[in-house]
Each structure stands twice: as C-alpha cells, then as structure tokens.
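Thanks for passing this one over. Here are my notes, jotted down while clicking through the strands and the surface.

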Amino acid sequence: MLMGHAAAPLPCRLVAAAYRDEQEAADKVTRLGPGVDACLFASPVPYDLARRSGVLTMPATFVQLGGAALVATLAKAAMDERFDPRRVSVDVVARPDVEEAYSDLGLSAAEVHTREDPGATGTIAAYHERLHRQGSTSGALTCLPMVAERLQTAGVPVIRIRPTSGAVRTALHTAALLGAHHRLEESQLTVVLVEVPTLREPVRRAAPRYWRDELRLSLHRLLVQESNRINATVWPIDDHSYLITATRGSVAVATDGFRVLPFAARIRDELGLAVEVGVGMGRTTHDAESHARAALARTQAGKQAQGFAVDREGRALVPPPRMPPAGSTPLKPKGVEVLARLAAKLSGGDTVVDAEGAGRMLGVTPRTARRLLRTLVDEGLAWPLPPNRTPQPGRPRQLYRLIIEKLGSR
C-alpha cells in the first residue's frame with residue numbers, strides 16, 4: 001500500500017482488504033463489489049480461492065512468489081544452519097518455477113519436494129511436517145503465514161517465502177494497467193437496437209391509425225424513461241425501430257450482465273408488445289451499430305424474442321438460450337386456434353376485445369385470457385390498443401384489436 005502510488009503507471013486509488021486467513025479472500029472480493037476496477041492478491045493462494053468461488057467479475061492478478069522471491073528465500077535458507085537448501089519442501093510455487101530458480105543458482109532440485117495445490121492450511125502443514133519427520137527434508141519453505149505458524153509450533157524449521165519489493169511493484173503496475181483497461185471496456189460504446197414486429201406488420205385493411213401513433217408514443221416514452229436510468233439516449237429510426245446509444249457498463253447493469261434482454265420485460269408488461277433486440281459494441285458508433293444489426297439479424301433468424309449481445313470483435317457474448325426438449329412442457333394453445341375461437345364468437349363485425357370479454361368467450365379466467373391475448377400480440381395476430389381510460393378508479397382496460405383477416409392466410 002505504501003509503495004502503491006509510486007509504482008502505479010497511472011493515477012489510481014488503492015483499497016485495502018486485509019484478512020487473517022486466505023479462505024476469506026472470496027468474501028472480501030464480494031464485499032468490495034463493483035467499486036473496484038481490478039483486484040491484486042498478495043499471493044497465488046487467495047487469487048485461486050477467489051477464482052474458484054466465481055466471485056471475480058473484474059480483472060485480477062497476484063504478486064508472484066517464484067523467481068526473485070524464491071531465490072531470496074533460498075539465500076536465507078543457505079545462511080540458516082538448520083537448512084540444507086537442496087533438501088526442502090516448498091508449497092504453492094509451481095514446480096517449473098522452483099526448478100528454474102535452482103538452475104539459476106547452480107543447485108540440483110532433485111531432492112526438493114513441491115506441492116502446488118493450495119488446499120487447506122492444516123493439510124499443507126501436515127504435508128511439510130510428514131516429510132520432515134521422515135527425514136526427507138531439512139525444513140519447509142511456505143507461502144502461507146498460517147502454515148508457518150503451525151510448523152513453528154510443531155518444531156519444524158520453516159522460512160516464509162515473501163514477495164520482494166520488485167515483485168510487489170511489478171504486480172501493482174500490472175494491476176493498474178488491468179484496471180485501466182477494464183475501465184475503458186466498461187465505457188466502451190454500445191448500441192442497442194429495438195424493433196417491434198407488431199408495428200412492422202403492414203395494415204391489411206382500413207383501420208384507424210391513431211392507435212398505432214399512440215402506441216409509438218407510449219413505446220418511445222417508455223424507452224426514454226428506461227434509457228435515462230442508464231444515462232443512454234434514444235433515437236427513433238423508423239415507424240417500428242429505435243436506436244439506444246449507451247456504454248457497455250450501463251447496458252451490463254440493465255441486462256444483468258447480458259443475461260436478459262434490456263427493456264423487453266417492461267415493454268411486454270405495460271404495452272403487451274414483444275420486441276426483438278440486438279446489442280452491439282465497437283470502437284466507433286458505426287461499428288457498434290453494425291454489430292447490433294448483426295445481433296438483431298440472429299435474433300430474427302431464430303424466430304424468438306431473445307436478443308444477442310455482440311462484442312466489438314463481432315463475437316456473441318451470450319449464446320441463445322436452449323429450447324426445452326420436445327414433450328418436456330405441456331403445449332400451449334396455438335395463436336391461430338385462439339384467434340379462430342374468438343372470431344367464431346364475435347358478432348356485428350366487431351374485432352376489439354378485452355381480457356374479460358375474451359375470457360367469457362373462451363371459458364377461461366380473465367388472467368388466462370390476458371396471457372392468451374399477449375400470445376396473439378407476440379404472433380402478430382392482434383394489436384394492443386391504447387388503454388380505455390374511464391372516470392372510475394382502478395386499472396384502465398387494455399383493449400386488443402384482433403386481426404381476423406390473418407385466418408384466411410393460414
């Protein structure tokens with residue numbers, strides 16, 4: 001911490017997270033959360049524990065304990081009359097690093113025992129103690145403070161492998177560069193394309209245009225509200241699509257790390273619309289938009305309301321979700337069948353229904369009817385109309401115009 005600002009290649013703020021045992025490393029990373037751009041661990045052990053626990057969502061590195069650190073420890077062992085550096089046990093440090101250090105010193109590593117897997121403190125201490133009791137080693141070189149304490153208590157000669165000042169400076173330099181790159185990645189330009197299949201469908205019969213115009217206004221207002229939350233901007237492209245410009249970091253928050261579509265859930269819940277979404281990143285706006293269009297094309301080719309996120313190299317960040325195997329879930333009523341049943345019950349040429357009326361005609365609850373009407377919207381068999389606002393209190397009725405003429409085309 002004291003040498004940090006002098007060693008870092010660019011201005012940064014260091015946040016200390018001290019622990020008594022390396023097993024606490026994962027919890028410390030979780031507590032720091034997204035407030036840090038990179039993690040620097042004191043040794044490979046806490047780094048490996050944090051990595052295995054899956055809490056590392058940012059770049060991370062550790063202070064190297066091989067190389068100069070191991071050579072310095074061997075020099076201490078050579079000056080300690082209890083040790084023969086050619087007959088020791090070493091933990092954590094990789095075997096190739098051990099052999100390289102011995103080769104640089106002109107020593108043989110044939111009788112040097114190594115254990116690379118960190119494991120539990122008691123297990124590693126028992127490993128060193130067993131070898132010493134058997135006479136296979138003169139002592140232990142350990143990277144773990146708790147192991148050193150146990151071996152001292154057990155009467156086993158032990159020397160801590162401590163990082164050199166040069167190793168700490170190098171690690172700080174690397175961590176600062178990783179953090180800066182991560183910050184740049186988070187601010188990377190990202191474009192989100194949103195298309196509405198319902199508004200893309202041509203009108204096949206004379207119908208009032210006011211509902212389409214109000215639907216566009218409602219959708220635009222909703223997208224502006226959602227975009228303001230992530231400091232993004234919205235631009236209408238045409239009658240059925242919108243372009244949102246944001247940063248990778250803000251879109252990652254809105255999509256739970258690119259696991260769910262942005263904006264889609266609220267649009268479906270409030271407007272009854274299914275949308276197609278493509279997310280693209282790039283070094284320029286043109287590149288990001290091109291990648292977003294490629295992602296959108298994949299979405300449309302898949303014939304499902306699930307978007308792709310494409311990085312600036314054109315690679316998909318998240319693959320499309322696997323479809324459940326046939327027969328694993330009960331089949332839902334097809335939209336055409338529902339539309340045909342409703343059309344048979346309609347009279348006087350009226351094609352506008354709400355959930356209550358559709359429920360009576362289908363013999364289901366209003367809640368089920370509302371879900372079926374949304375299915376019709378998703379399949380382009382119905383258009384959601386502006387809510388029918390009345391002076392009475394309560395939720396306004398959501399009306400749907402059934403596209404009866406589609407029955408003749410199927």
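1. Which residue stands opposite Ala140 in E6? That's Val158. Keep in mind that this is a predicted model, so read the pairings below in that light.

2. Ala140 belongs to strand E5 (residues 139-142), and E5 is covered on both faces. Gly139 and Leu141 lie on one side, Ala140 and Thr142 on the other, and all of them are buried. They get that label because each has under 20% relative accessible area.

3. E5 has a parallel partner in strand E6 (residues 158-160), joined to it by 3 bridges. It also pairs with strand E3 (residues 88-91), again in the parallel sense and over 3 bridges. On the E3 side, Ser89 is the residue standing opposite Ala140. So Ala140 is a handy place to start: look for Ser89 in one direction of pairing and Val158 in the other.

4. For an antiparallel pair, go to strand E8 (residues 233-236) and strand E9 (residues 241-247), which are linked over 4 bridges. E8 and E9 make a hairpin, with 4 residues between them. If you want a residue pair to check by eye, Val234 stands opposite Ile244 in E9.

5. On the surface, have a look at the negative patch formed by Asp97, Glu100, Asp104 and Glu116. Glu116 sits in the loop between strand E4 (113-115) and helix H6 (121-133). Why is Glu116 called partly exposed? Because its relative accessibility is 41%, and that class runs between the 20% and 50% cut-offs.

Conventions
Residues numbered from 1 in each chain as written. Predicted model: local features only at pLDDT ≥ 70, side-chain atom pairs only at ≥ 80, totals over all residues. Heavy atoms only, no water. Patch = residues over 30% accessible without salt bridge, like charges linked within 9 Å, V, L, I, M, F, W, Y side chains within 5 Å. Areas by Shrake-Rupley, 256 points an atom, 1.4 Å probe, with all protein chains shown as cover. Salt bridge = Lys/Arg side-chain N within 4 Å of Asp/Glu carboxyl O. Lys, Arg positive; Asp, Glu negative; His and termini not counted. Charge placed at Lys NZ, Arg CZ, Asp CG, Glu CD. Helix = DSSP H or I, 4+ residues; strand = E, 2+ residues; numbered from the N terminus. Buried < 20%, exposed > 50% of the residue type's maximum accessible area, 1.4 Å probe, protein only. Pairing = 2+ DSSP bridges.
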